[in-house]
Amino acid sequence: MKEKDQIPRGASIAAIGTFDGVHRGHHAVLDLLSSLSKEKGLTPLAFTFRNHPLQLIDARRVPASLTPLWKKKKLIEERGVKPVVLDFDDELRSTTAKEWMIRMRDSYGVVALIVGYDNTFGSDGVNHSLEDFIAIGEKLGIEVFPVEVVTGVSSSAIRKAVKGGDMEKAGMMLGRPYSITAKVVKGNSLGHTIGFPTANIETPDGQAEPLPGVYAAIVKTLHDGKKHPAMVNVGTRPTVMRGDNLVIEAHIINWQGDLYGKDITVRFIKRLRDEKKFDSIEALKAQLTEDREFAMDALKGRL
């Protein structure tokens, strides 16, 4: 186990998982972890991974991520839990559940462990039931606590919703809007010439991309922490561009300024329509004017 963050001292209570998205199902785990840590006077730890385990096992099956590592750590910390980030390497891949628990006990002071009903860890974890984990823990002096499942919520279901453009469903499962954070890059500046300037960003490598289309969104400008209403186009801009490179361009409503080189977060609230090719720039402008009204209506009470 390679871990670069400072190792906490003293007795700890832990949970293990990829925690991709840190969604409402993960909230149940983290909140129980936090509450039990206070009750028992333990340090709450969430063991997660720098790289997805499938990158080592079968890279072709690695799913698109819902949260980059920096955000995953931040979201875990916001639940009152310290993330412990491990490299999933060959050594860790071959570690059994019992060996996992011994290492956590000896290296991190883990005396209690939270395990979900379908949560497994260790090279032999798929063969273990919750009762098996409890029995292993008893022999090692580690108390194992089960956590209730949040039905209908999973990282794979959220990815499916994002890919299908159902941002309302994705947001319900996440407990917050699905978002992408990236640096604003240079575009072709057409938006400025037609009265709809945009901040263009590129989806970070490996993160789930929304279904192409037009969305009502909230843009947070990270240099000042302010939130702004926006309409966002995800797609290839067929009216003005050729090619299939996916572009995310956010028109921040009633805002002026230069964001080039600055980081922004785009929070997707609702998909408004499909992307389409217009016969003229005037027809595009007319549609964008209508989109802006629909976006403002969808964002009422959200800012």
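Me: What makes strand 6 largely enclosed by the rest of the structure?

Reply: In this predicted model, five of the six residues of strand 6 are buried, so the strand is largely enclosed. Buried here means under 20% relative accessible area.

Me: Which strand pairs with strand 6, and in what sense?

Reply: Strand 11 does, in the antiparallel sense, over six bridges. Pairing needs at least two bridges. One opposite pair is Lys183 and Asp263, the latter in strand 11.

Me: Where does strand 6 stand in its sheet?

Reply: The sheet is open and antiparallel, with six strands in the order 6-11-8-9-10-7. Strand 6 (178-183) is an edge strand, as is strand 7 (199-201), and each pairs on one side only. Neighbouring strands here are turned by 35° against each other on average, direction ignored.

Me: How do you know that strand 8 and strand 9 pair, and how many bridges join them?

Reply: At least two bridges are required. Nine join strand 8 (residues 213-221) to strand 9 (residues 226-235), and the two run antiparallel. Gly213 stands opposite Val234 of strand 9.

Me: Which strands does helix 10 lie across?

Reply: Helix 10 (residues 281-298) lies across strand 8, strand 9, strand 10 (247-252) and strand 11 (263-273). Its angle to strand 11 is about 100°.

Me: What makes a set of residues a nonpolar core, and which residues have the most contacts inside the largest one?

Reply: The members must be buried residues of the nonpolar kinds, joined through side-chain atoms within 4.5 Å. The largest such set has 29 residues. Tyr178, Ile201, Val232, Ile264, Val266 and Phe268 have the most contacts inside it. Helix 8 (167-174) is among the elements giving two or more residues, and the largest share, four residues, comes from helix 8. A second core lies apart from it, with 24 residues, including Leu45, Phe49, Ala97 and Met104.

Me: Which residues does Val266 touch?

Reply: Leaving out residues up to four places away in sequence, Val266 touches Tyr178, Ser179, Ile180, Ile201, Ala217, Ile218, Val219 and Val232.

Me: Why is one side of strand 3 and of strand 5 left without a neighbour in the sheet?

Reply: Take the sheet first: five strands, open, parallel, in the order 3-2-1-4-5. Strand 3 (82-86) and strand 5 (143-147) stand at its edges with a single partner strand each, so one side of each has no neighbour in the sheet. On average, neighbouring strands are turned by 30° against each other, direction ignored.

Me: How do you know that strand 2 and strand 3 pair, and how many bridges join them?

Reply: The threshold is at least two bridges. Five join strand 2 (residues 43-49) to strand 3, and they run parallel. Within strand 3, Pro83 is the bridge partner of Ala46.

Me: Which helix lies across strand 5?

Reply: Helix 1 (residues 24-40) does, running at about 140° to strand 5. Helix 1 also lies across strand 1 (12-16), strand 2 and strand 4 (110-116).

Me: How do you know that the span of helix 5 agrees with 1.5 Å a residue?

Reply: Helix 5 (residues 97-108) has twelve residues, which should span 16 Å at that rise. The end C-alpha atoms are 16 Å apart, so the two agree.

Me: Why do the buried residues of helix 5 line one face?

Reply: The buried residues in helix 5 are Ala97, Trp100, Met101, Met104 and Tyr108. Down the axis of helix 5, they fall within an arc of 95°, so they line one face. In an α-helix, residues three or four places apart point the same way because there are 3.6 residues a turn.

Me: What phi does Gly109 take, just after helix 5?

Reply: Gly109 takes a positive phi of about 70°.

Methods. Residues are numbered from 1 along each chain as its sequence is written. This is a predicted model: local features need pLDDT of at least 70, side-chain atom pairs count only at pLDDT 80 or more; totals for chains, interfaces and linings use all residues. Side-chain values use heavy atoms; hydrogens and water are left out. The expected span of a helix is 1.5 Å times one less than its number of residues. Buried means under 20% relative accessible area, exposed over 50%, partly exposed in between (1.4 Å probe, protein chains only). The arc is that of the directions from the helix axis to the C-beta atoms. Axes are lines fitted to C-alpha atoms, for helices over the stretch in contact, and angles run from 0 to 180 degrees between N-to-C directions. Contact means heavy atoms within 4.5 Å.
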